[in-house]
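User: Could you take a close look at one helix in this model and explain how it sits among its surroundings? I am a first-year student, so please go step by step.

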Amino acid sequence: MTSVFALPSSSTLFFLATVLTTNSRSSKYLYRVNVLDSVHYGHLTKTISTLIKERSSEEEAGERSSGFADADDLIQAVSERAFDLAGDAASEVRVVLGVPKMILLASGFSVDTTIAKGPPHFMSSKNVSVNDIVLPVIIGVNPPEREEKQRVIINITFHENTELSQVKSPDYKQIVSGLCKEIEPTSYLTLEKFVMEIVRFCCLSSDKVAGVTARAQKPSALSFAQSSGVQITRTREIFL
């Protein structure tokens with residue numbers, strides 16, 4: 001069986017960061033806080049590495065429960081191991097998963113999730129970022145800008161609605177592909193209008209998306225600045 005989201009492999013590079021939020025104790029035990037409320041992060045790193053290696057080995061052996069179904073499956077497995085290791089010391093776990101080659105049209109893809117302690121454990125926040133999509137677009141009001149396409153760098157963060165736990169996460173590859181096909185052949189007079197169209201498209205791409213933050217930059221716009229840019233954040237309800 002081939003899993004949908006298998007990590008790691010020889011062709012997949014990724015980073016995984018795990019942060020534990022510890023439960024604070026009273027001032028009476030302040031002197032002992034460093035020991036009682038601490039987690040051995042060396043053990044945590046080894047535990048997570050072992051988890052991923054075990055799942056990857058199962059996939060290579062063709063076992064039915066191999067690999068990870070998707071990014072959420074990996075994040076959930078990591079958070080459970082972190083809670084088990086931390087015991088009562090942790091109230092929540094933040095997991096940041098980055099897979100640079102997840103979306104070929106972008107230079108980076110990351111999922112930033114916070115899992116609150118249960119029982120059962122539940123996802124309290126989830127933000128998905130697609131970084132550095134580069135597209136040639138006609139944008140601007142000056143005559144030269146209306147004739148030649150300019151290189152525009154786009155960064156998008158999707159803020160998911162974690163209350164819709166039964167709704168599957170969006171297919172971000174498909175969303176980004178559809179976005180690029182829609183905006184590349186069009187033209188815009190202002191960067192603000194361009195970014196707003198990106199936000200609108202992404203907000204309406206899935207019921208799971210609660211809001212979107214998008215930033216677009218024109219590297220060649222100004223002589224003495226690295227770039228000019230616009231960033232806009234909107235919620236899905238605005239476009240319904």
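Analyst:
**A close look at helix 6**

In this predicted model, the buried residues of helix 6 are L191, F194, V195, E197, I198, V199, F201, C202 and C203. These buried residues pack against several other elements, namely strand 4, strand 5 (150-160), helix 5 (172-183), strand 6 (187-188), strand 7 (209-218) and strand 8 (228-235).

The length of the helix can be checked as well: helix 6 covers residues 191-203, and because each residue is taken to add 1.5 Å, its 13 residues should span 18 Å, which agrees with the 18 Å between its end C-alpha atoms.

One of the packing partners, strand 4, deserves a closer look, since it runs over residues 122-139 and contains D132. Most residues other than glycine have a negative phi. D132, although it is not a glycine, has a positive phi of about 55°. Its side of the picture also includes solvent exposure, for D132 is partly exposed, with a relative accessible area of 35%.

For a parallel case, consider helix 3 (residues 71-86), whose 16 residues should span 22 Å at 1.5 Å a residue, and whose end C-alpha atoms are indeed 22 Å apart. Buried residues are found here too, among them L74, I75, V78 and F83. At the N-terminal end of helix 3, D70 acts as a cap, with a side-chain oxygen 3.2 Å from the backbone nitrogen of D72, while just after the helix G87 takes a positive phi of about 65°.

Technical notes. Residues are numbered from 1 along each chain as its sequence is written. This is a predicted model: local features need pLDDT of at least 70, side-chain atom pairs count only at pLDDT 80 or more; totals for chains, interfaces and linings use all residues. Side-chain values use heavy atoms; hydrogens and water are left out. Helices (H or I, at least four residues) and strands (E, at least two) are DSSP runs, numbered from the N terminus. Buried means under 20% relative accessible area, exposed over 50%, partly exposed in between (1.4 Å probe, protein chains only). The expected span of a helix is 1.5 Å times one less than its number of residues. Contact means heavy atoms within 4.5 Å. A polar contact is a pair of N or O atoms within 3.5 Å; within protein, one must be able to donate a hydrogen and the other to accept it, and residues adjacent in sequence count only if both atoms are side-chain atoms.
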